[in-house]
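Open the model in a viewer and keep the sequence panel visible. Each stop below gives a selection and then what is found there.

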Amino acid sequence: MIKDLFHKNRPTYSLEVFPPKKDADVSVIYDALDQFKTLHPSFISVTYGAGGNTAENTFAIASYIQNQCGIEALTHLTCVAIPDKLFLTNFLTNLYRNGIRNLLALRGDQPRTMTDEQFAARYYEHASDLTRDVKAAYDFSVAGACYPEVHPEASGMEEDIKNLKKKIDEGVDFLITQMFYDNQVFFRFIEKVRAAGIEVPVLAGLMPITSASQVKNIVGMSGTKLPKKLADDLERFKDSPEDLKKAGLDFTKKQMAELLERGVDGIHLYSMNKVETARAIYE
Ligand code: FAD
């Protein structure tokens, strides 16, 4: 189980992958996983489409990581994709039977296919509610998400950390941050988290920017702020993909070096399924 790794193996180095879209070639992700395996990550996490549209692929990919690659798999699961308790019980039992003992409990965002009423009426309201039932059912390692730049729906850091503590009190064993690019923001967040009595490992979520299109997505979707130096470099190299990629990777390497120097519990790389990126960072 992942929670045991932290006793012997800190800092951890982990990767996140996502299942390919429904009509895409699934073999691409399995090829990527065979390459990721050679980097010996501490664990690999697999995202879950908020509306449940990736369910089968998420499960199959997690099983491959755990059983074929011999690496701990962390399966994501969102409250918005859980219609009732029976669904959760079946999901967890399937994981258990396939040797997977790790779950990232998430709320998820409202999918486009879901009305406001359906979203408001979801069976589990928050990741903390989901964590409670997972822990009651199985001795799994449960991870939770956290937000150094504050979750967009929270009124502020204080409220967000108060809510984060609820997840921990329900049994979350470790946390993974939303991606961030300013280490000072992360260090301030850690201080506040520790002051609130949260002692579990907090893994820093890093996503190297390797293309111009990624910039818009990152800033647009997660509200993550880019430091001026990085924003300037990305602007300067917007018509030169190779230079932009190099600037993005160099930035993440420096970011990671400082985090490691300051004793971060682990680095979680949002790999975007790109082997080349993960290898460059790993090396
Ligand atoms: P929660 O912990 O429920 O928090 C959501 C909001 O509610 C916050 O504002 C919080 O302050 C507040 N809150 C929390 N608990 C309580 C409580 N008990 N009472 C009152 N208020 C509360 N999305 C996907 O669809 N699929 C994925 O695979 C996926 N993977 C992710 C991985 C990571 C590492 C991260 C950081 C995010 C991921 N997301 C994923 C996105 C995530 O689903 C969204 O950020 C979502 O908006 C919040 O999820 P959460 O689990 O943090 O929610």
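The tour goes through the strands, then the cores, then the ligand.

This is a predicted model, with residues numbered from 1 along each chain as its sequence is written. Local features need pLDDT of at least 70 and side-chain atom pairs count only at pLDDT 80 or more, while totals for chains, interfaces and linings use all residues, and side-chain values use heavy atoms, with hydrogens and water left out.

**Stop 1: strand β1**

Select residues 12-17, which form strand β1. Helices (H or I, at least four residues) and strands (E, at least two) are DSSP runs, numbered from the N terminus. Six of the six residues in β1 are buried, where buried means under 20% relative accessible area, exposed over 50%, and partly exposed in between (1.4 Å probe, protein chains only). Show the side chains: T12, S14 and E16 point one way, whereas Y13, L15 and V17 point the other way. In a regular strand the side chains alternate between the two faces of the sheet.

**Stop 2: the partners of β1**

Add residues 266-270, strand β8, which runs parallel to β1 and is joined to it by five bridges. Two strands pair if DSSP finds at least two bridges between them. Then add residues 43-46, strand β2, which pairs with β1 in the parallel sense over four bridges. Which residues stand opposite L15? In β8 it is L269, and in β2 it is I44. Between β1 and β2 the chain passes through helix α2 (residues 27-37), in a right-handed β-α-β crossover. Right-handed means that, with the strands pointing away from the viewer, the path from the first strand over the helix to the second runs clockwise.

**Stop 3: on to β3 and β4**

Select residues 72-78 for strand β3, where six of seven residues are buried. Four bridges join β3 to β2, in parallel, and V46 stands opposite T75. The chain gets from β2 to β3 through helix α3 (residues 55-68), again by a right-handed β-α-β crossover. Now select residues 102-106, strand β4, which runs parallel to β3 and is joined to it by four bridges. The bridge partner of T75 in β4 is L103. Helix α4 (residues 85-97) completes a right-handed β-α-β unit with β3 and β4.

**Stop 4: the nonpolar cores**

A nonpolar core is a set of buried Ala, Val, Leu, Ile, Met, Phe, Trp, Tyr and Cys residues joined through side-chain atoms within 4.5 Å. Select L33, F36, L103, L175, F186 and L259, which touch the most other members of the largest core, a set of 60 residues. Helix α8 (residues 183-195) gives the largest share of this core, five residues. A second, separate core has 25 residues, including L74, M179, L230 and A247.

Next pick F174, in strand β6 (residues 174-177). F174 counts as buried because its relative accessible area is 0%. Leaving out residues up to four places away in sequence, its contacts (heavy atoms within 4.5 Å) include F43, L74, V142 and L203.

**Stop 5: the ligand**

Show the residues near the ligand (a heavy atom within 4 Å of it). How many are there, and which come nearest? There are 25, and Y48, D109, Y147, H151 and D160 come nearest.

Finish with the polar contacts, pairs of N or O atoms within 3.5 Å; within protein, one must be able to donate a hydrogen and the other to accept it, and residues adjacent in sequence count only if both atoms are side-chain atoms. The side chain of H151 has an N or O atom 2.8 Å from an oxygen atom of the ligand. For K167, a polar side-chain atom lies 3.0 Å from a ligand oxygen atom. A polar side-chain atom of S128 is 3.2 Å from a nitrogen atom of the ligand.
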